[in-house]
Amino acid sequence: MRADRLVATLLFLQERGRVTVAEVAAELETSERTARRDLEALAASGIPVYSQRGRGGGWSLVGGARTNLTGLTADEIRALFLVTAPLAGTPDLRTTLRKLIRALPAPLRAEAVAASRAGVADPTDWSRNAVTAEPGHRAALQGAVVDGVRVRLGYEGVGKPARTRLVDPLGLVSKAGVDYLLAGTDEGLRTFRLSRVTSVQPTAEPVVRPPDFDLAAVWRERAAVIEGGMHAVTARARIDPEALPLLRRLFNGRVRTGAPLPDGWTEVWIDGPAHRALAAHLSGLGARIEVLDPPEVRHCLARIGSELTALYGAGA
């Protein structure tokens, strides 16, 4: 779009002080004819741009005039680039950040560049599996939320084949590095993990948005329900202190410890969503932990032990 080119040309002028038509054309990847026309358009619009012929000539801003396109404070600039730079994995986003840096007053640019290089986002886990959506799906969903249109969403549930459903995209949420879509469906509000989205097809139908919908407030309510489910069952156990760090990593904050026991082990309480799920995670610790109650978790552990013994043999 020409408006984008004119802004980019002005920022390039501010950065260099004086430029030639050839330099503008190379920077913006346009023809020299287009670059000259854009420079003339800036001058015609009232921006103090002038040209000087001859050796050492070119286009400049009168008296070194500058246009501050941001109005941001130093702290706001630092915060902006610390948050956005690690996410700039696409050419469009990187170009946007470069334009913002050029728009800043000269004394603030160095800090903005340093902040933009202070972090990086890796979208894969340690098994090299993506934990965020493919860029195309993310962009399509963002567009649907902003434009307020329904989409046909292809989604693959846990242990279920992908199927397509009509949903009302209401907002995107990032929690601990994992992205989710909050959407209205025939069954009410639902949360979809973006890494399981298989396709996004926007429709011409407008989104049906609940009255007075507040994304942040609704997400807090849904997150509280989900997090509450992670604490539905509590097991009391005794554990070898050397295995305690591993237990904490397995349950990510859902472990509480008591005082050391007379035998040197530690009493702990572990929260989980269900008896079977607790037993499945605890079984990997083997004899380094003993569940004392509830009986349901002990029974599940005994069943897991019997299944493993039957599979691998009592004498293994």
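In the predicted model, Ser174 stands opposite Asp179 of strand β6. The pairing belongs to a hairpin formed by β5 and β6, with two residues between the strands. Strand β5 covers residues 163–175 and runs antiparallel to β6, to which seven bridges join it. The turn contains Ala176, whose phi is positive, at about 55°.

Strand β6 also pairs with β7, residues 188–193. Six bridges connect the two, again in the antiparallel sense. Gly184 has Leu189 of β7 as its bridge partner. Here too the strands form a hairpin, and two residues lie between β6 and β7.

Burial of β6 is complete along its length. Eight of the eight residues from 178 to 185 are buried, so the strand is largely enclosed by the rest of the structure. Val178, Tyr180, Leu182 and Gly184 point one way. Asp179, Leu181, Ala183 and Thr185 point the other way. Both sets are buried. Asp179, the residue opposite Ser174, is thus among the buried positions, because under 20% relative accessible area counts as buried and every residue of β6 is buried.

A further sheet involves strands earlier in the chain. Three strands form an open antiparallel sheet in the order β1-β3-β2. The edge strands are β1 (18–19) and β2 (49–52), each of which pairs on one side only. Strand β3, residues 58–61, runs antiparallel to β1, and two bridges join them. Arg18 stands opposite Ser60 in this pairing.

The largest nonpolar core has 20 residues. Those with the most contacts inside the core are Ile239, Leu247, Val268, Ile270, Leu282 and Ile289. Six elements give two or more residues each: β9 (233–239), α9 (244–251), β11 (266–272), α10 (275–282), β12 (289–293) and α11. Strand β9 supplies the largest share, four residues. In soluble globular proteins, nonpolar side chains tend to be buried together.

Leu282 illustrates the contacts made by a core residue. With neighbours within four places in sequence set aside, Leu282 is in contact with Leu247, Phe251, Ile270, Ile289, Val291 and Leu301. Among these partners, Leu247, Ile270 and Ile289 are also listed with the most contacts inside the core.

The loop between α10 and β12 holds Ala287. This residue counts as exposed, because its relative accessibility is 73%. Ala287 is 47 residues from Asp240 in sequence. In space, the two C-alpha atoms are 8.9 Å apart.

Beyond β12 comes an unusual backbone feature. Most residues other than glycine have a negative phi, and most peptide bonds are trans. The peptide bond from Asp293 to Pro294 is cis, with omega near 10°. Pro294 is found in the loop between β12 and α11.

Two loop residues have positive phi values. Glu29 is not a glycine, yet its phi is positive, at about 60°. Its place is the loop between α2 (21–28) and α3 (32–44). Glu29 has a relative accessible area of 72% and is exposed. Asn252, likewise a residue other than glycine, has a positive phi near 45°. Asn252 lies in the loop between α9 and β10 (255–260). Its relative accessibility is 67%, so Asn252 counts as exposed.

Helix α11 spans residues 295–312 and includes Leu311. Leu311 counts as exposed because its relative accessibility is 60%. Together with Leu308 and Tyr312, Leu311 makes a nonpolar surface patch of about 370 Å². The helix therefore has an exposed nonpolar residue, while α11 also gives two or more residues to the largest nonpolar core.

Across the chain there are 11 helices and 12 strands. Buried residues make up 32% of the 316 residues. The accessible surface comes to about 19,000 Å², and carbon and sulfur atoms account for 54% of that area. Of the contacts between residues at least 6 apart in sequence, 58% join residues at least 24 apart.

Technical notes
Residues numbered from 1 in each chain as written. Predicted model: local features only at pLDDT ≥ 70, side-chain atom pairs only at ≥ 80, totals over all residues. Heavy atoms only, no water. Patch = residues over 30% accessible without salt bridge, like charges linked within 9 Å, V, L, I, M, F, W, Y side chains within 5 Å. Areas by Shrake-Rupley, 256 points an atom, 1.4 Å probe, with all protein chains shown as cover. Salt bridge = Lys/Arg side-chain N within 4 Å of Asp/Glu carboxyl O. Buried < 20%, exposed > 50% of the residue type's maximum accessible area, 1.4 Å probe, protein only. Pairing = 2+ DSSP bridges. Core = buried A, V, L, I, M, F, W, Y, C linked by side-chain atoms within 4.5 Å. Contact = heavy atoms within 4.5 Å.
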